[in-house]
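The paragraphs below go through one protein chain, moving from a single loop residue to the fold as a whole. Please keep the sequence and the model in view while reading.

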Amino acid sequence: MTACDPASAASSSDDWTVSALYTYPIKSCQPIPLTSSPISATGLLYDRLWMLTDAHTGRFITQRQVPRLALIKVAINPDSNTLELSAPSSPALRLPLNPQTTDLGAQYKVRVWYDDVYGRCCGEAAQ
């Protein structure tokens, strides 16, 4: 049995244990450790809902290209309903966790690997 075989896992008598649970709100930035998480239609709530993009090429940016992304700490603050980012030698950035469409920039095409998806800028502070 492999971990990627749901049919075998469902019929197995082996016990499974989740030893750690993380969400990555911003692709390629630091994760947030969790003890539990609500599940949305696409997986863990807020997991990989945001990404960094190159404004000139429209391509998403990963740690493969910019290893320093691993230094960006991400936190979800439910009290202020914000996504908070911090990195060495940079001012902290707070973004609305659930922004209104009117708070976002125009929709534009973003290339993620071989797929085109649509994204929006999270506001002037995020540019």
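D103 sits in the loop that connects β7 and β8. The model is a predicted one, and the values below are computed from it. With a relative accessibility of 43%, D103 counts as partly exposed, because that class covers the range between under 20% for buried and over 50% for exposed. Its C-alpha lies 9.9 Å from that of R120, a residue 17 places away in sequence.

For the setting of that loop, consider the chain as a whole. The chain contains 1 helix and 9 strands. Read from the N terminus, the order is α-β-β-β-β-β-β-β-β-β, with the helix ahead of the strands. The chain has 127 residues, of which 20% are buried. Of the contacts between residues at least 6 apart in sequence, 35% join residues at least 24 apart.

The early strands can be followed through two residues, L21 and I32. L21 belongs to strand β1, and I32 belongs to strand β2. L21 has a relative accessibility of 26% and is therefore partly exposed. I32, at 14%, falls under the 20% limit and so counts as buried. When neighbours up to four places away in sequence are set aside, I32 touches L21, Y22, T23, P25, V74, A75 and I76. L21, with neighbours within four places likewise left out, is in contact with I32, P33, L34, T35, S36, S37 and L44. The L21 and I32 contact thus appears in both lists. Two C-alpha distances add to this picture. L21 and L34 are 13 residues apart in sequence, and their C-alpha atoms are 5.3 Å apart. I32 and D47 are separated by 15 residues in sequence and by 9.6 Å from C-alpha to C-alpha.

I32 is also a member of the largest nonpolar core, which has 12 residues. The full set is I26, C29, I32, Y46, W50, L69, I72, V74, L83, L85, L95 and L97. V74, one of the residues that I32 touches, is in this core as well.

Where does S28 lie? S28 is in the loop between β1 (21–23) and β2 (32–34). Most residues other than glycine have a negative phi. S28 departs from this, with a positive phi of about 80 degrees although it is not a glycine. The relative accessible area of S28 is 14%, so this residue is buried. R48 is another residue other than glycine with a positive phi, in this case near 55 degrees. The loop that holds R48 is the one between β4 and β5. R48 is partly exposed, because its relative accessible area is 45%.

The loop between β4 (43–44) and β5 (73–77) also holds F60, a member of an aromatic pair. The structure holds 2 aromatic pairs. In the pair of F60 and W113, the ring centres are 5.0 Å apart and the planes stand at 80 degrees, so the arrangement is edge-to-face. The reasoning rests on the angle, since planes over 60 degrees apart count as edge-to-face. W113 is in the loop between β8 and β9, and the pair links distant parts of the chain, with the two positions 53 residues apart in sequence. F60 has a relative accessibility of 4% and therefore counts as buried, whereas W113 is partly exposed because its relative accessible area is 39%.

The last feature is the largest pocket, with a volume of about 1200 Å³. Its lining consists of 38 residues, and those closest to the centre are M51, L52, T53, C122 and A126. Which elements give two or more residues to this lining? They are β6 (82–86), β7 (93–96), β8 (107–112) and β9 (115–120). Among the elements, β9 gives the most, with 4 residues. By residue type, the lining divides into 28 nonpolar, 6 polar and 4 charged residues.

Technical notes
Residues numbered from 1 in each chain as written. Predicted model: local features only at pLDDT ≥ 70, side-chain atom pairs only at ≥ 80, totals over all residues. Heavy atoms only, no water. 1 Å grid on protein atoms, 1.4 Å probe; cavity = no way out; pocket = protein on both sides within 12 Å on 5 of 7 lines; lining within 4 Å. Points joined across faces, edges and corners; volume = space filled by probe spheres on them. Nonpolar A, V, L, I, M, F, W, Y, C, P; charged D, E, K, R; others polar. Phe/Tyr/Trp six-rings, centres within 6.5 Å; stacked < 30°, edge-to-face > 60°. Buried < 20%, exposed > 50% of the residue type's maximum accessible area, 1.4 Å probe, protein only. Core = buried A, V, L, I, M, F, W, Y, C linked by side-chain atoms within 4.5 Å. Contact = heavy atoms within 4.5 Å.
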